[in-house]
Amino acid sequence: MKLLLDEYAHLDSPLHRWEPRCRLIGLMALILGFSFVRDLRLLPAMIAASFALYAVSRLPVSFLVTRLRFPGFFLLMMAILLPFLSGQTVLLRVGPLALRQEGCLELLLIGVRFVCILTAGLILFGSAPFLTTIKAMRALGLPPILADMTLFSYRYIYEIGDDLEAMETAMRLRGFRRGAVTASLLGTLAALAGSILVRSYEQSERVYKAMVLRGYGRPTRPCDGFQVRRRDLAGLVVALLVTAGFIAAEILFRQFGG
Amino acid sequence: MKDFANPNDPALVVSGLSFSYPDKPDVLRDVSLEVQPGERVGLIGPNGAGKTTFFLLVCGVLKPDAGETALFGEPVMRGKFRPEAGMVFQNPDDQLFCPSVRDDIAFGPRNLGLPREEVEARVEEALSLTGGLELVNRPPHHLSGGEKRMVSIAGVLAMRPRLVVYDEPTSNLDIRSRRRLIRFLQASQETMLIASHDLEFILEVCDRVVLMDEGRVVVNGEPRKVMGNVALMEAHGLERPHSLVPHAEPHHV
């Protein structure tokens, strides 16, 4: 299954119509604002803001759920121990394990921030073709080499995935089964990974040569064709105000909060 | 393992096979085909006709939406290893992944649980059949296109399959490698299913041809008769092979 980021870039919503540079700045600012939040009292507002934005984007819920699943799994693996290790106030004790209040609250804060930031990120990359988002980055000053590397990484990760799938099919047809972890299995998987790396490297060299032959590396004129309208700026101002609101509230809660 | 010794069982029986990908419906529609042991059947058709998908269904890699497939009298189940059927992929790089040719050819026999001596014997046998004994210690990614093709075939033959499926075996081969492959296939004893756009190659190797288009079997018959039918070929995006065009000077005899 391919989890493309811009699978629903063709939809029509205010966020899809938002000028790419304004969308990039606005949503990146919002992500920055979310990452600034430490006070638990701001979490409901953060959830409301990100989910309202998601609803406006008209992206399907399944898109969010499938894309959150894998990074969510890694977060869970890292944060699952927090309620047992962090803090002094014991809420519950089961044998040698003690569930601590501070750890639970930290887990809640990390989890909510993670979901809100990823939701905003998915809206950013999901509401326009990936190439458009990269062009917006270029127009905002991202060096061409970084823009190209980002684009190629996105493009070829799926290519490598297809290669891997084909190779695994060919292996299965010659009787390969993933069973217990043995030296032989590890050797086979190492050979498979090595082949994928060698093939990817060779392919990248071929692609690069083909690009050079078509003039890659020569200075080019930017031709993104972006046009900022009044409503795009209005959207950007709203996003920046919401971000400023979160940051200001956080600072206020830190200074005067109980 | 079942003894597939009944000589009366057809090599392959496909009945009413239909298949759709999640993003591509009706890739195969009610495909039926029977192949007898020893037959060499060519599959021709334009790109997207469903040939590769058909092969993946025959080998049990994909599960059909409808229909049944049986190899040598036993139904094909998705994911079940059937060493009596081997598939040679269009891109040899999809098959070759081990650090040496020897390891790659030994991969299938090892998965069959054969003892070390038998595995070695099969590697030697497969390489001598395909004419690549001198390649045995080379890393596969350093081989030429033709060598890769023959090594990938050897990797399948080492399992001693009774049916071998070839997906575009002549793609990217130079004239010499192509001729070598033709001679090898003409001398092979296994039942074969071969998909190719190289119609002259199909003419030389196959004794029956199946024309597929838009997921259906359009016609199934004698290669010279099917491929010599200009109207039929052109209706399905193909051309009559040059050697079947009547010549003033009979240089194709």
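**Exercise 1. A helix across a sheet**

Task: In this predicted model, find which strands helix 1 of chain B lies across, and at what angle helix 1 runs to strand 1 of chain B.

Solution:
- Step 1. Pick out helix 1 of chain B, residues 51-58, and look at what is underneath: helix 1 lies across strand 1, strand 2 and strand 4 of chain B.
- Step 2. Compare directions. Helix 1 of chain B runs at about 120 degrees to strand 1 of chain B.
- Step 3. Now ask how covered the helix is. A residue counts as buried if 20 or more other C-beta atoms lie within 10 Å of its own. By that test 6 of the 8 residues of helix 1 of chain B are buried, so the helix is largely enclosed by the rest of the structure.
- Step 4. List the buried residues of this helix: B:Lys51, B:Thr53, B:Phe54, B:Phe55, B:Leu57 and B:Val58.
- Step 5. Step past the end of the helix. B:Gly60 follows helix 1 of chain B and has a positive phi, near 80 degrees.

**Exercise 2. The sheet in chain B**

Task: Work out the order of the 4 strands in the open sheet of chain B, and which strands stand at the edges.

Solution:
- Step 1. Trace the neighbours. The order is 2-1-4-5, with antiparallel pairing.
- Step 2. Read off the ends of that order. Strand 2 (24-35) and strand 5 (74-75) of chain B stand at the edges; each has a single partner strand, so one side of each is left without a neighbour in the sheet.
- Step 3. Zoom in on one pair. Strand 1 (residues 12-21) and strand 4 (residues 66-71) of chain B run antiparallel and are joined by 5 bridges.
- Step 4. Check the register with one example: B:Val14 has B:Thr69 in strand 4 of chain B as its bridge partner.
- Step 5. Recall the chemistry behind the pairing: strands of a sheet pair through backbone hydrogen bonds, either parallel or antiparallel.

**Exercise 3. One residue and its surroundings**

Task: Decide whether B:Val123 is buried or exposed, and find which residues B:Val123 is in contact with beyond four places in sequence.

Solution:
- Step 1. Locate the residue: B:Val123 sits in helix 3 (residues 116-130) of chain B.
- Step 2. Count neighbours. There are 23 other C-beta atoms within 10 Å of B:Val123, so this residue is buried.
- Step 3. Leave aside neighbours within four places in sequence. The contacts of B:Val123 are then B:Arg102, B:Ile105, B:Ala106 and B:Ala158.
- Step 4. Try one C-alpha distance as well: B:Val123 and B:Ala154 are 31 residues apart in sequence, and 7.8 Å apart in space.

**Exercise 4. The hairpin in chain A**

Task: Describe how strand 1 and strand 2 of chain A pair, and how many residues lie between them.

Solution:
- Step 1. Strand 1 and strand 2 (residues 97-100) of chain A pair in the antiparallel sense over 4 bridges.
- Step 2. For the register, note that A:Arg93 stands opposite A:Ala98 in strand 2 of chain A.
- Step 3. Look at the turn. The two strands form a hairpin with 2 residues between them, and A:Gly95 in the turn has a positive phi of about 60 degrees.
- Step 4. Test for burial. Strand 1 (residues 90-94) of chain A has 5 residues and the number buried is 0, so this strand lies largely in the open.

**Exercise 5. Two overall shapes**

Task: Find the radius of gyration of chain A and of chain B, and set each beside the globule rule.

Solution:
- Step 1. Start with the make-up of chain A: 10 helices and 2 strands.
- Step 2. The radius of gyration of chain A is 23 Å, well over the 18 Å given by the globule rule for 258 residues, so chain A is more spread out than a compact globule.
- Step 3. Add the domains. Chain A is assigned domain 1 (14-139 + 228-256) and domain 2 (151-213), and 34 Å separate the centres of these domains.
- Step 4. Turn to chain B, with 8 helices and 10 strands. Its radius of gyration is 18 Å, which agrees with a compact globule of 253 residues.
- Step 5. Finish with burial: buried residues make up 21% of chain A, while 44% of the residues of chain B count as buried.

**Exercise 6. Where the chains meet**

Task: Find how many residues each chain gives to the contact, and which elements of chain A take part with two or more residues.

Solution:
- Step 1. Chain A gives 13 residues and chain B gives 20.
- Step 2. On the side of chain A, helix 8 (144-173) and helix 9 (183-213) are the elements that give two or more residues.
- Step 3. Sort the residues on that side of chain A: 8 are nonpolar, 3 polar and 2 charged.

Conventions. Residues numbered from 1 in each chain as written. Chains lettered and ligands numbered in written order. Predicted model: local features only at pLDDT ≥ 70, side-chain atom pairs only at ≥ 80, totals over all residues. Domains from an automatic or database assignment. Buried ≥ 20, exposed ≤ 12 C-beta atoms within 10 Å, placed from the backbone. Pairing = 2+ DSSP bridges. Contact = placed C-beta atoms within 7 Å. Nonpolar A, V, L, I, M, F, W, Y, C, P; charged D, E, K, R; others polar. Axes fitted to C-alpha atoms, helices over the stretch in contact; angles between N-to-C directions. Rg over C-alpha atoms; globule rule 2.2 N^0.38 Å.
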